Amino acid sequence: MDYSPLQAGAWLKWKFSSDQPKCGFKPVSDDPQADFDLWISYQTKFSFESILKNIGGVGLKSDEVAVGAVIASPSRAKPDYFYQWVRDAAITIQSLVEYLDDHQFNQGQYELVSAIESYILNSHKLQRLDNLSGSWESLDGLGEPKFLTNSTQFNEHWGRPQRDGPALRVITISDYLKILEKYDQAISLPDLKSTQWVYDNIIKYDLMYIITSWYKNGFDLWEEIDSIHLFTALTQLKALKNGINLVNSLVIEEDLDFQTKLKEAFQALRLFILFSSGFKIEEIPYLIETPSLLVQGKRSGLDIASILGSLRAHDVTSVDDSVEIPFPVNDSSVFSTLIALVNDMKYRYPLNHKYLKTVSGVALGRYPEDIYDGLGTSEGNPWFIATATAGELVYKIVYQIYSISGNYHFTNDQVSLINELSRIEDLTQNDHGVFVVEFGTESFNLITDSLLKYADSFIDIIRGHIDDEGRMSEQFDKYSGFMTGAEDLTWSYGSLWSALRWREKVSKLINTNRTS
Ligand code: NOJ
Ligand code: NOJ
């Protein structure tokens, strides 16, 4: 197969060209659900393999790309995304760590350990490069968002610093250390020496950066606004928590002083997020990604980044996370954010108008006021990342509903949606005005099934806009629906893969529950 990047603007031709690869997924039956399920298994694998193709030393073997570097996209012009972003890389490698965990460290046909460990080693190198965000010595350089593919500095004007990078890196690397412990494995790459070495020389510096800078302005994940942002704050809080847990676990030895600093920063940031940040205010049901913009009347505050933040900051299998970290996936403000985004974007993007009279997922973009078209600024479009994230959120909500294994308290927005999706008679309020449905009843099953269908409808939208082989760019045009923006965007594959991973996890959980 030829992976050479398509020229921007060639998507239309690509979609119709007769020489499309023949290995892509083709429907095989007249049963739409069976076709959808088959496509899901094809696309899960295809997405994972497409991620690997964008990692130096794994699928990308060229002098131009450092081993362990994750490129954002192979597109070198219009737009030029042939760089490594700290954020995209950490989120991407997180998928590899999750894959390893899902397969009990038995990686089968993939060289995942070496990909993850070379990413860690590459991070060690990037951390130490003085750059336009600052020096290594002052640690300010850790806020640099973007590097050249050969792991040298990017010396052009950019929205910097971006303070989510070190946090996401801590989350990914500490998760890897945790699974090493879980499966009783050791670090393999000689240069990384040991888990303690990785902690002392990589993780700890990123934690120090967070401790000393979480309260400072920085650019958001969309690289546009210098302020305080919810996505950044939530990922920082999760990183601090992972840092505290690593120290508490037996693997890492740490001095008491640093532990105290971690805990103090965790408490301070947590209280800030909950009470003084303005991320959630009484008058507005949804989360406010960048409160300063709302205050200035420049934006509504609505942004898929808030949901992305909730997803990245919460391990839905951990009770601790949902208690200690604000805005877990089943929080009413998180669901309200989804509903508000859907209600805005189903009108905003013409390609969604066909769903106006149905209750279904729609194509989602980053935020209502977005004007980045993938190349320059004109009008914003739906993004694969945003649409997949909506699906992942709803799969995770259903996963939580099942793992609680007790009567579930639905939020008001969930109840409205459920009422639109299916007619449930015994969805009644208890004395406190809360809607509760008894676990395992017919209604309970009907509700969770309709929520899953709702999640699937976002994924099905993605299916409608990718090409026959399963390739994904960054965005799809809000009028024509054709792909636009950087092609083969690593993060698009990662976000779809992650949503599909949760689809599989929740299906398994439901099957076990219903058959037992
Ligand atoms: C490029 C950034 O990566 C993107 O997120 C942003 O929206 C545009 N620049 C704004 O011009
Ligand atoms: C633009 C996105 O806004 C940003 O989040 C991302 O890191 C870069 N593109 C690279 O994919």
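Why is helix 10 (residues 304-313) largely enclosed by the rest of the structure? In this predicted model, 10 of the 10 residues of the helix are buried, so the rest of the structure largely encloses it. Buried here means under 20% relative accessible area. The buried set begins with Ile304, Ala305, Ser306, Ile307 and Leu308. It continues with Gly309, Ser310, Leu311, Arg312 and Ala313. Arg312, Ser306 and Ser310 are thus listed as buried alongside residues such as Ile307 and Leu311. A polar contact marks the start of helix 10. There, a side-chain oxygen of Asp303 comes within 2.8 Å of the backbone nitrogen of Ala305.

Two ligands were examined next. Ligand 1 is surrounded by Trp222, Glu223, Glu224, Arg366 and Tyr372. By class, this shell holds two nonpolar, no polar and three charged residues. Polar contacts to oxygen atoms of ligand 1 come from both backbone and side chains. Trp222 contributes a polar backbone atom, 2.8 Å from a ligand oxygen. Glu223 contributes a polar side-chain atom, at 2.5 Å from an oxygen of ligand 1. For Glu224, an N or O atom of the side chain lies 2.4 Å from a ligand 1 oxygen. Ligand 1 exposes 290 Å² when taken alone, and the protein buries 74% of that area.

Ligand 2 has 13 residues around it. The closest are Arg87, Asp88, Leu221, Trp222 and Arg366. Trp222 and Arg366 also belong to the surroundings of ligand 1. The shell of ligand 2 divides into eight nonpolar, no polar and five charged residues. Three side chains make polar contacts with ligand 2 in the following description. A polar side-chain atom of Tyr81 is 3.5 Å from a nitrogen atom of the ligand. In Arg87, a side-chain N or O atom sits 3.1 Å from an oxygen atom of ligand 2. In Asp88, the corresponding distance to a ligand 2 oxygen is 2.6 Å. On its own, ligand 2 has 290 Å² of accessible area, of which the protein covers 97%.

Tyr81 also takes part in an aromatic cluster. Its members are Tyr81, Tyr83, Trp85, Phe154 and Trp158. The model contains 27 aromatic pairs in total. One of them joins Tyr83 and Trp85: the ring centres are 6.1 Å apart and the planes meet at 85°, so the pair is edge-to-face. The cut-off for that class is an angle over 60 degrees. Both partners were then checked for burial. Tyr83 counts as buried, at 11% relative accessibility. Trp85 is buried too, with a relative accessible area of 6%.

A small part of the analysis concerned strand pairing. Strands of a sheet pair through backbone hydrogen bonds, in either a parallel or an antiparallel manner. Three strands form an open sheet in the order 5-7-6, and the pairing is antiparallel. Strand 5 (408-410) and strand 6 (428-429) are the edge strands, each pairing on one side only. Strand 7 (residues 435-437) is joined to strand 5 by three bridges, and these two strands run antiparallel. Within this arrangement, Phe410 stands opposite Phe435 of strand 7.

How values were computed:
Residues are numbered from 1 along each chain as its sequence is written. Chains are lettered from A and ligands numbered from 1 in the order in which they are written. This is a predicted model: local features need pLDDT of at least 70, side-chain atom pairs count only at pLDDT 80 or more; totals for chains, interfaces and linings use all residues. Side-chain values use heavy atoms; hydrogens and water are left out. A residue is near a molecule or strand if one of its heavy atoms lies within 4 Å of it. A polar contact is a pair of N or O atoms within 3.5 Å; within protein, one must be able to donate a hydrogen and the other to accept it, and residues adjacent in sequence count only if both atoms are side-chain atoms. Accessible areas come from the Shrake-Rupley method with a 1.4 Å probe; for residues, only the protein chains shown count as cover. Ala, Val, Leu, Ile, Met, Phe, Trp, Tyr, Cys and Pro count as nonpolar, Asp, Glu, Lys and Arg as charged, and the others, Gly among them, as polar. Buried means under 20% relative accessible area, exposed over 50%, partly exposed in between (1.4 Å probe, protein chains only). Helices (H or I, at least four residues) and strands (E, at least two) are DSSP runs, numbered from the N terminus. Two strands pair if DSSP finds at least two bridges between them. Rings of Phe, Tyr and Trp (its six-membered ring) pair if their centres lie within 6.5 Å; planes under 30 degrees apart count as stacked, over 60 as edge-to-face and the rest as tilted.
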